[in-house]
Amino acid sequence: SFAAQPTAQHAGECPFTPELIRRVVAGGAHVKEWLGDAAYNSWYNVVAVEEIGATPFFDWKEGVTGKTRPAIKRMHDRFLDDQDLYWDRYAYRTLAESGMHAVKERFGYSLRSRVPHAQYAELMLRLICHNVAQLILAVQEFDIDPRYWAQELIAKLPDFGTALPPE
């Protein structure tokens, strides 16, 4: 399950994080950890992650100690308890960053649609196409034979003939 939200150019995603978390969970995902850079380190994002039973791992803005917000203090205390573990978990953020970079490289860095609902549809299609392309690459790279995937479902499909030209 994934969630995405188109934003205005140069707009921060931090305010959208609680809604994105809600969408991911509503899509059936079981989230154990939520990772983000220092821009996501806000009390309402920490609370949103904790409410679904996950652990937040956000980078730290300079001078943040958690003295003013209990949610930030909990995360800061976890950080101080075992900084090596914290940074080991936080390091997985690079996987998400790499994935978004790959999508942007493949399809461009900006959406062509102008109205919000069309931007959302375009973004979802880009992510789906990227995932299909990654699946095809994995099938080729690992020499997987996909003919046997979901045979019972394939057997139920109607026979529309062949797409091959007549001989």
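Colleague: How much area does the protein expose, and what share of it do carbon and sulfur atoms supply?
Modeller: This is a predicted model, in which local features need pLDDT of at least 70, side-chain atom pairs count only at pLDDT 80 or more, and totals for chains, interfaces and linings use all residues. Residues are numbered from 1 along each chain as its sequence is written, and side-chain values use heavy atoms, with hydrogens and water left out. Accessible areas come from the Shrake-Rupley method with a 1.4 Å probe, and for residues only the protein chains shown count as cover. The protein exposes about 12,100 Å², of which carbon and sulfur atoms supply 58%.

Colleague: Which pattern do the helices and strands follow along the sequence?
Modeller: Helices (H or I, at least four residues) and strands (E, at least two) are DSSP runs, numbered from the N terminus. The protein has seven helices and two strands. Read along the sequence, the pattern is α-β-α-β-α-α-α-α-α.

Colleague: Why is the protein described as more spread out than a compact globule?
Modeller: The radius of gyration is taken over C-alpha atoms, and the globule rule is 2.2 Å times the number of residues to the power 0.38. For 167 residues that rule gives 15 Å, so the protein is more spread out than a compact globule, its radius of gyration being 21 Å.

Colleague: Is threonine 17 buried or exposed, and with which residues is it in contact?
Modeller: Threonine 17 is found in helix α1 (residues 17-26). Buried means under 20% relative accessible area, exposed over 50%, and partly exposed in between (1.4 Å probe, protein chains only); at 2%, threonine 17 is buried. Contact means heavy atoms within 4.5 Å. Leaving aside neighbours within four places in sequence, the contacts of threonine 17 are Trp34, Tyr40 and Asn45.

Colleague: What is the phi value of aspartate 143?
Modeller: Aspartate 143 lies in the loop between α6 (116-141) and α7 (151-155), and is exposed, with a relative accessible area of 71%. Most residues other than glycine have a negative phi. For aspartate 143, phi is positive, near 50°.

Colleague: Which residues do ring pairs link into a cluster?
Modeller: Rings of Phe, Tyr and Trp (its six-membered ring) pair if their centres lie within 6.5 Å; planes under 30 degrees apart count as stacked, over 60 as edge-to-face and the rest as tilted. The structure holds eight aromatic pairs, among them the edge-to-face pair of tyrosine 86 and tryptophan 87, at 5.5 Å centre to centre and 90° between the planes. Tyrosine 86 is buried at 1% relative accessible area, whereas tryptophan 87 is partly exposed at 32%. The cluster comprises Phe57, Trp60, Phe79, Tyr86, Trp87 and Tyr90.
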